[in-house]
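Here's a quick briefing on the model below. Have a look, then read on for the metal sites and a helix pair.

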Amino acid sequence: MFKSGTVVKVLLPNVVNSGYDYRLIADADLGTFVRVTVMNRPYIGVVFGIGDSGLPADKIKNVQRVFPWKISVADLQWIQKMSDWTLMTPGAVLRLILNVPDAFCEPRTEQLYSYNFDANKSKMTENRQMVFDAFEMNDNEPMSITDIQNIAHVGASVVRTMVARGMLNPVASRNIVRTFKYEYSDIGTVELNKEQRAAADAIARDITNGGFSVNLLDGITGSGKTQVYFDSAWRAYSTGKSVLLMMPEIALTAQFIKRFESRFGAPPVVWHSNLTAARRRDIWRGVMCGDIRMVVGTRSALFLPWQNLGLIVVDEEHDSSYKQEDMGNYHGRDMAILRAKLSDFPVVLASATPSEETMRNVEIGRFGHLILKSRYGGAELPKIETIDMRENKPAEYCVNSETGDMKPGYLSPMLCDAIGEVLNKHQQAMLFINRRGFAPIVQCKKCGWVATCPDCSIGMTYHKKIGKLLCHICGRTVSLPDKCPDCGNDVSMRGAGLEKIEEEVHVKFPHARTALVSSDTMVSRGALERMVMRMESGELDIIIGTQILAKGHHFPNLTLVGVVDADMGLFGTDFRAPEHTFQQLFQVAGRAGRGAMPGRVMLQTYQPTHPVLVAICNGNRDEFLHADMDARKSAKMPPFGQLVAVIVECKNESKLKKFCDELAQSVPNASGVRIMGPIVAQMYQVRGFYRMRFLVCGDARSALQPIVKLWMSRVNVPANIRVKLDVGPQNFM
Ligand code: ADP
Ligand code: ZN
Ligand code: ZN
């Protein structure tokens with residue numbers, strides 16, 4: 001406890017410096033939130049230690065306000081350790097915790113709007129539908145215009161028109177703080193089978209004994225992992241602890257929320273990026289005061305001001321969305337484990353396809369391993385087979401019966417036969433192709449010109465739905481040229497995205513009812529939920545989608561999964577390509593045959609003997625993992641080695657090169673550490689910035705961070721250059 005009048009160090013969100021000194025005007029603890037001013041602007045910070053600036057007393061400003069809220073000393077240590085690990089400053093880590101601007105403000109009076117559900121539905125447009133979904137994601141609470149724009153991603157004019165048409169009604173504008181206080185009970189408990197019981201008991205022992213532990217809950221899709229960790233959540237919650245259930249954004253489905261509610265008797269407090277400012281504030285405060293002790297949320301829920309946290313579950317722990325890449329580079333799973341270690345409580349990682357990092361930790365005995373081998377209730381695993389495309393050439397299809405214009409197809413006769421059978425039996429099929437849009441390459445038939453984005457070094461994809469070329473990096477759209485801009489000849493569309501597959505399906509199965517599922521069509525959670533409902537009620541026969549299909553959903557009548565191009569991920573330059581391909585195909589395969597009927601999975605490939613595909617067909621995950629981990633071991637790649645990527649960006653190419661030369665000359669000498677580069681990044685240009693990369697490699701035990709820090713301290717980064725440090729990079733573009 002620091003007495004009023006003490007000079008303390010206050011950590012501020014996102015300052016380069018590790019804190020400034022202020023004088024307390026009331027008693028405070030380490031971790032207490034305070035308001036201070038920097039250059040006359042107010043900031044919220046936390047008391048981080050005793051003041052050590054040595055400034056004369058009259059130069060030290062008073063704290064403006066001491067809040068009755070604080071975070072624990074262990075969490076302050078977490079901020080410091082996370083900073084040491086990720087090379088973010090402690091202030092940048094604190095910014096993740098304070099990323100709720102309204103948490104410390106008195107509620108403002110502002111104009112709010114409610115959604116008028118009686119309004120004429122015939123006036124629905126895509127934008128208005130997104131506004132509707134934004135309300136739905138926030139329990140139809142009134143929202144400010146800023147909220148509507150931020151959550152629905154629509155412009156102010158859309159909102160104005162909806163107000164004018166009576167689709168949005170202005171409502172009383174007092175913005176009060178709501179308390180979310182749900183009473184949970186264990187009403188929906190199920191009888192666990194033997195395997196599930198054994199896993200749940202092992203976690204229960206760790207919870208009861210207290211202390212830090214990590215368990216991998218390793219079970220195939222449908223084996224009941226959710227049931228097991230619900231049991232663990234209840235165990236921790238019912239003894240007064242707080243519980244965080246983390247999941248990837250797209251796994252946070254209505255189906256999941258319903259399951260939670262029927263188990264615990266009340267809906268979960270849900271945390272993700274599409275909440276209103278008021279709701280974010282209310283949840284933040286609820287967690288701060290200990291009113292909210294259980295949250296289901298995405299990666300950023302880890303940064304809520306948790307009190308007495310007693311369990312974190314990381315569902316789909318292998319999912320790459322746990323890695324944050326813009327505002328700091330941290331891995332949500334790893335930072336959850338770090339938080340648990342410092343505060344001494346258990347973590348459960350759940351997955352059907354654990355990451356190799358996690359498997360390595362299991363192998364060396366650092367994590368416990370709880371295995372669920374069979375699907376609950378004896379549902380059969382689908383039969384997985386490859387289709388050798390060298391022998392099963394897709395038939396062409398006719399796009400225009402008048403001209404007889406034919407296009408090359410992508411669906412082999414074997415897959416088409418299987419689709420036909422499924423349709424006859426009134427079952428459902430899913431076609432998976434991890435490529436958005438219609439055609440990924442738009443090229444001149446004569447001179448070879450290819451449409452590329454002027455700001456990014458990649459080709460632009462033709463999207464039929466919007467009738468334009470779209471850059472998948474920066475989102476720029478341009479109209480489709482009817483002639484080659486270089487030589488004036490015709491252009492052709494090459495390769496297939498999901499819109500083209502849908503076209504082929506419509507020609508080959510004219511009666512099939514289809515839906516496209518990608519980030520272009522599933523612009524909000526509501527849109528995804530509507531697709532799920534149409535699928536469940538049998539309004540759809542075939543869904544065609546990208547990886548967002550691979551997660552979470554459970555369609556009892558889905559009996560066929562066709563992977564249009566199983567080779568797509570096999571030959572990337574990223575050393576994780578085989579792992580990610582395996583995980584993705586394995587997860588997709590897990591969608592089939594979840595009900596009473598057995599499922600079938602067909603992988604179209606030109607490489608039927610590729611070890612990844614063979615392992616998937618044999619259902620032999622561990623064999624694949626071991627083979628891939630051996631390869632990583634000999635290449636000294638993670639988890640057997642460590643990496644830090646240094647990405648240097650600048651709009652001016654020659655300044656970039658010059659600075660990278662300087663960096664290369666300043667590389668410190670450290671045994672066991674290699675610094676490679678600079679090389680031109682795979683995406684050399686992104687949003688107009690040129691990019692170069694260095695890669696720092698070391699063995700599993702070497703501490704790369706101090707070396708990178710030393711290296712960076714030797715150079716002065718010019719103002720027009722950005723240097724990004726990425727510890728444990730997942731993305732090598
Ligand atoms: P996973 O999370 O491993 O994919 P789920 O927990 O979703 O598996 O379980 C798959 C299905 O089996 C769900 O519909 C679930 O309700 C059911 N189920 C699993 N275990 C049990 C159990 N012990 N009693 C009743 N139903 C169960
Ligand atoms: Zn041309
Ligand atoms: Zn671009």
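**Zinc sites and a helix pair**

The four donor atoms of the zinc ion (ligand 3) make angles of 107 to 112° with one another, so this site is tetrahedral (four donors, all angles between 85 and 135 degrees). This is a predicted model: local features need pLDDT of at least 70, side-chain atom pairs count only at pLDDT 80 or more, and totals for chains, interfaces and linings use all residues. Residues are numbered from 1 along each chain as its sequence is written, chains are lettered from A and ligands numbered from 1 in the order written, and side-chain values use heavy atoms, leaving out hydrogens and water.

**Zinc ion (ligand 3)**
- Its protein donors (N, O and S atoms within 2.8 Å of the metal, or 3.2 Å for Na, K and Ca) are C453 (SG), C456 (SG), C471 (SG) and C474 (SG), at 2.2 to 2.5 Å.
- Along the chain, the donors of ligand 3 are spaced C-x2-C-x14-C-x2-C.
- C453 is buried (under 20% relative accessible area, 1.4 Å probe, protein chains only) because its relative accessibility is 4%.
- C474, at 25%, counts as partly exposed (between 20% and the 50% above which residues are exposed).

**Zinc ion (ligand 2)**
- C444 (SG), C447 (SG), C484 (SG) and C487 (SG) coordinate this ion at 2.2 to 2.4 Å.
- The site of ligand 2 is tetrahedral too, with donor angles of 100 to 114°.
- C484 is buried at 4% relative accessibility, while C487 is partly exposed at 33%.

**Helix pair**
- M130, V131, A134, F135 and M137 in helix 3 meet I148, I151 and A152 in helix 4, where contact means heavy atoms within 4.5 Å.

How values were computed. Helix = DSSP H or I, 4+ residues; strand = E, 2+ residues; numbered from the N terminus. Tetrahedral: all angles 85-135°; square planar, octahedral: opposite > 155°, others 65-115°.
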